[in-house]
Amino acid sequence: MSTAAVSTTDGIRATAESALTRCGVDLAAFKGDAVTARTPITGAALFGLRADTPQDVDRAVDTARAAFHTWRTTPAPVRGALVKRLGELLTEHKQDLADLVTVEAGKIRSEALGEVQEMIDICDFAVGLSRQLYGRTMPSERPGHRLMETWHPLGVAGVITAFNFPVAVWAWNTAVALVCGDTVLWKPSELTPLTALACSALLDRAAADSGAPAGLNQVVLGAADVGERLVDSPQVALISATGSTRMGREVGPRVAARFGRSILELGGNNAAVVTASADLELTVNAAVFAASGTAGQRCTTLRRLIVHEDIADTVVERLVRAYGRLPVGDPFQDGTLVGPLVNEAAHTAMRASLERAEAEGGTLCAGGERQLTDAAPGAYYVRPAIVRMPAQTAVVREETFAPILYVLTYRDLDEAIALHNDVPQGLSSGIFTADQAEAERFLAADGADCGIVNVNIGTSGAEIGGAFGGEKETGGGRESGSDAWRAYMRRATNTVNYSGQVALAQGVDFSA
């Protein structure tokens with residue numbers, strides 16, 4: 001099922017201009033010919049924007065460093081007041097930001113609105129966190145001494161984001177970094193510069209409204225050279241980078257070489273195990289969204305379904321029927337569930353993976369074809385694909401950022417867990433079962449090896465209250481909730497001697 005109507009480029013451009021203006025962006029101040037803001041809805045260019053030079057990045061780092069010297073001594077609850085005001089402005093401009101997310105990333109309306117809601121939620125979380133940056137007090141082995149730890153602001157945080165979550169990931173980092181006392185430099189994806197300009201304008205307004213210093217957050221636009229300058233700057237204490245594993249292999253060692261810190265959120269090749277006891281209606285509904293939502297362009301997208309052999313035929317039949325009813329088309333149109341791929345390169349990668357899968361013994365059960373070529377010849381709408389595989393072949397072990405779901409079968413749970421873990425990535429996972437023992441086995445230390453492990457829930461749709469991130473080639477970093485805030489601060493262990501005498505630890509006697 002396809003949705004024929006596709007918004008016009010002129011209409012999309014007008015929508016973007018209106019949203020930017022309402023958010024406080026003077027687009028004329030950013031015009032140039034170095035960065036092209038495009039929309040995957042029609043594939044057309046919308047605006048030409050300027051790019052920052054490496055020297056511009058250096059100046060932005062200096063500004064952020066100067067602002068940090070003031071911000072780090074501002075009481076944390078006062079820093080929280082800024083983030084509270086940001087949350088209020090995000091709520092006020094929720095529709096505007098969602099419009100821009102749809103324009104640049106191609107997300108359907110409910111997903112775009114949901115992403116902006118994540119921003120609002122993390123602001124709420126961070127405001128509470130501003131009064132809970134707790135350290136511990138530990139018993140000292142020396143009489144008349146107190147042993148404790150304190151947490152202090154880290155410095156300038158560089159945030160590099162990907163196109164698929166153009167605003168939420170920035171908010172995860174920025175809201176937490178600001179209450180921790182850090183300043184932020186944001187390098188957005190070249191594919192989504194407009195959303196970054198809008199968010200930055202709202203944060204600037206929040207800073208002015210709350211009396212915070214200028215320079216707490218800055219956006220730098222451009223290609224890889226801009227990101228590299230940020231990554232290599234010794235004045236940037238933390239780099240939080242979201243993107244491919246290939247990108248992480250470059251960023252991680254460069255930050256480590258200068259003894260900086262990094263949070264890497266990289267590739268995902270997420271799987272769910274479907275046991276013989278699973279509720280199949282729940283399973284299929286969850287799998288369809290997890291595998292085809294955002295046109296398969298989430299790091300948490302479900303890419304592998306590992307199904308017990310006794311129910312595999314039934315599960316595939318149900319999935320094929322559900323996929324046949326998915327409305328593919330204009331993300332601005334009511335009823336659309338699957339929008340476009342971000343660009344031609346994404347479509348090329350999807351076609352290449354499907355061809356490899358068939359060459360490696362797979363059977364295409366549904367989807368894969370391009371849609372709406374007459375209505376939007378420059379855009380790439382595809383039907384989500386289901387491929388049944390005889391084994392976990394080379395193509396299955398790789399991440400293709402497109403809506404391809406590989407279906408594998410297993411005989412016993414140990415085999416399923418081994419299949420699940422036998423990929424380089426380790427972000428999100430799930431098991432569908434009505435058997436508590438099976439669920440506990442999957443959650444155990446020798447179960448799923450991912451950073452996110454779910455029971456009777458799909459692999460996508462994480463909440464901000466938990467720490468988000470993965471293991472292995474996913475990078476090992478954590479963002480958002482729980483104690484992820486510690487990555488944005490430095491820890492000091494403090495000993496206070498109030499005894500009036502020198503007492504060395506472990507009973508060492510160094511008296512003359």
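**View 1. Surroundings of Met119 in the predicted model.** Leaving aside neighbours within four places in sequence, Met119 is in contact with Leu90 and Leu97. Val167, Ala168, Trp170 and Ala171 also touch Met119. Cys199 completes that list of contacts.

**View 2. The largest nonpolar core.** This core holds 142 residues. Met119 is among the residues with the most contacts inside it. So are Leu97 and Trp170, both of which are in contact with Met119. Leu82, Leu194, Leu305 and Leu319 belong to that group of most-contacted residues as well.

**View 3. Another core, apart from the largest one.** The second set has 19 residues. Val61, Leu185, Val226 and Leu266 are among them.

**View 4. The fold around the cores.** The protein chain has 14 helices and 25 strands. Of its 512 residues, 55% count as buried. Among contacts with a separation of 6 or more, 75% link residues 24 or more positions apart.

**View 5. Overall dimensions.** The C-alpha trace spans about 80 × 60 × 35 Å along its principal axes. How does the radius of gyration of the protein chain compare with that of a compact globule? A compact globule of 512 residues would have a value near 24 Å; the protein chain has 24 Å, so the two agree.

**View 6. Surface and charge.** The accessible surface of the protein chain comes to about 20300 Å². Carbon and sulfur atoms account for 51% of that area. The chain carries 45 positive and 60 negative charges. The mean positions of these two sets are 5 Å apart.

Note on methods
Residues are numbered from 1 along each chain as its sequence is written. This is a predicted model: local features need pLDDT of at least 70, side-chain atom pairs count only at pLDDT 80 or more; totals for chains, interfaces and linings use all residues. Side-chain values use heavy atoms; hydrogens and water are left out. Helices (H or I, at least four residues) and strands (E, at least two) are DSSP runs, numbered from the N terminus. The radius of gyration is taken over C-alpha atoms; the globule rule is 2.2 Å times the number of residues to the power 0.38. Buried means under 20% relative accessible area, exposed over 50%, partly exposed in between (1.4 Å probe, protein chains only). Contact means heavy atoms within 4.5 Å. Accessible areas come from the Shrake-Rupley method with a 1.4 Å probe; for residues, only the protein chains shown count as cover. Lys and Arg count as positive and Asp and Glu as negative; His and the chain ends are not counted. The place of a charge is taken as NZ of Lys, CZ of Arg, CG of Asp or CD of Glu. A nonpolar core is a set of buried Ala, Val, Leu, Ile, Met, Phe, Trp, Tyr and Cys residues joined through side-chain atoms within 4.5 Å.
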